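Biologist: I would like to go through this structure term by term. Please set each value against its definition.

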Amino acid sequence: MGYGLRQLGKLLSVIMMMVAAFALHDSSAGTVDDIRIGDHRGMTRFVVEVQGQLDYRLFTLADPYRVVIDLPELAFSGNGNAGAVSGGVIERYRFGLFKPGVSRIVLDLDRPAVVKSHFLIPPHDGHGTRLVVDLKAASRAVFLARMEKPKPLPQGSRPEIVAENRSPSARKVIVLDPGHGGVDPGAPSVIGAPEKHITLQVARVVRDTLERSGRYDVLLTRDRDIFIPLRDRFEIARRAGADLFISLHADSFKSASVRGASVYTLSERASDREAGLLAAKENKSDVIAGIDLGTEPPEVSSILIDLARRETMNYSAHFAGILVGELKSAVPLRRNSHRFAGFVVLKAPDVPSVLVEMGYLSNPQDASALANGNNQKRLAEAIRRAVDRYFIKIASGQGNVL
Ligand code: ZN
């Protein structure tokens, strides 16, 4: 009898563990039910309510002033444009997938503020788990002195690596890089979905178009709505042994009449002031997503890398020229449609890389064309023709095409 009970006890504990494991798994795929901001007597309260359990870490960043909250991977409703809600010291907030297993909320503050307290309220009265963050305006000096430092995440997670090995086939490897993603929405659109959704849609159409030709293996740096640091994007291309890296973006401008596509390649010195400003804007992606750039390793430099980079830059410029020629027939182009600037995402020393600004989401015609399936296909066909021509040229006489 005693033996039977012990067995039953064992079985029960196994079941309990399974239930616990299931509950844990379940909580990691929870949903955000509500986000509220309140401002009362000089105190700004930010509340996130989720179904299930909640682990979090919180830290602050200066320049611009931000509070970053990392949570387990959660489903948020809306399309990532939801920074509209503001109040007190919170100018807006953004959220999205930061990396596999980690969702991130970034509070953009309109002035320096200190985190007075942050705590969890367990579920009750029909509410889910609530995370409460109280903020109070402070001087810059106090903000800097009381900065919350990032602590290791409660759960480990590896960076998303799309490709590890080059395929054994003779096909050229093209890496497409849909700009922005997750907590970084990119440019807002006058008609709807922000840049991060447009770039992913177009990248998928370009991938399908290139793959249909049978000549290319195509990888995406991201195939879902997730943030990827700029350096990881080109590292994905390097690890895949890519022959070509194409970063896809769509710009926005204060004047709604500006429209048209342009192609950019890497240069230490910008071809013009506008290109320089654009690169500075695109390079902010990591800052927008709340990466502390103070922890980035310094750039490695050597003569060998510089030589490789120079040759790569020549190939990049060569492809950019061909691409501009093909885009002409598919989309309106801006004047001086091939420009140069210091885009971080184009800095792979050994993979020819271009960045395509496909149009302006601040222009109604461009915005609706970029969201339109037929136009996306036309754009993808133009890119496919340019890729074909580029590799034919390269194969027909390595050195003298440049
Ligand atoms: Zn962009």
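Modeller: What follows covers aromatic rings, a metal site and paired strands.
Modeller: This is a predicted model, in which local features need pLDDT of at least 70 and side-chain atom pairs count only at pLDDT 80 or more, while totals for chains, interfaces and linings use all residues. Residues are numbered from 1 along each chain as its sequence is written, and side-chain values use heavy atoms, with hydrogens and water left out.

Biologist: Why is the pair of phenylalanine 46 and tyrosine 93 called edge-to-face?
Modeller: Rings of Phe, Tyr and Trp (its six-membered ring) pair if their centres lie within 6.5 Å; planes under 30 degrees apart count as stacked, over 60 as edge-to-face and the rest as tilted. Here the centres are 5.7 Å apart and the planes stand at 70 degrees, so the pair is edge-to-face. The whole structure holds eight aromatic pairs.

Biologist: What makes phenylalanine 98 and phenylalanine 227 a stacked pair?
Modeller: Their ring centres are 5.2 Å apart and their planes are at 5 degrees, so the pair counts as stacked. Phenylalanine 98 is in strand β5, and phenylalanine 227 is in the loop between β10 (216-220) and α4 (230-239), so parts 129 residues apart in sequence are tied together. Helices (H or I, at least four residues) and strands (E, at least two) are DSSP runs, numbered from the N terminus. Both phenylalanine 98 and phenylalanine 227 are buried, where buried means under 20% relative accessible area, exposed over 50% and partly exposed in between (1.4 Å probe, protein chains only).

Biologist: How do you know that arginine 104 lies over the face of phenylalanine 98?
Modeller: The rule asks for NZ of Lys or CZ of Arg within 6 Å of the ring centre and within 35 degrees of the ring normal. Arginine 104 lies over the face of phenylalanine 98, at 3.6 Å from the ring centre.

Biologist: Which residues coordinate the zinc ion?
Modeller: Donors are N, O and S atoms within 2.8 Å of the metal (3.2 Å for Na, K and Ca); water is not among the atoms, so sites may look incomplete. His180 (NE2), Glu195 (OE), His249 (ND1) and Glu282 (OE), the last listed twice, coordinate the zinc ion at 2.1 to 2.4 Å. Glutamate 195 and histidine 249 are buried.

Biologist: What makes β11 and β14 paired strands?
Modeller: Two strands pair if DSSP finds at least two bridges between them. Six bridges join β11 to β14, and the two run parallel. Serine 247 has leucine 355 in β14 as its bridge partner.
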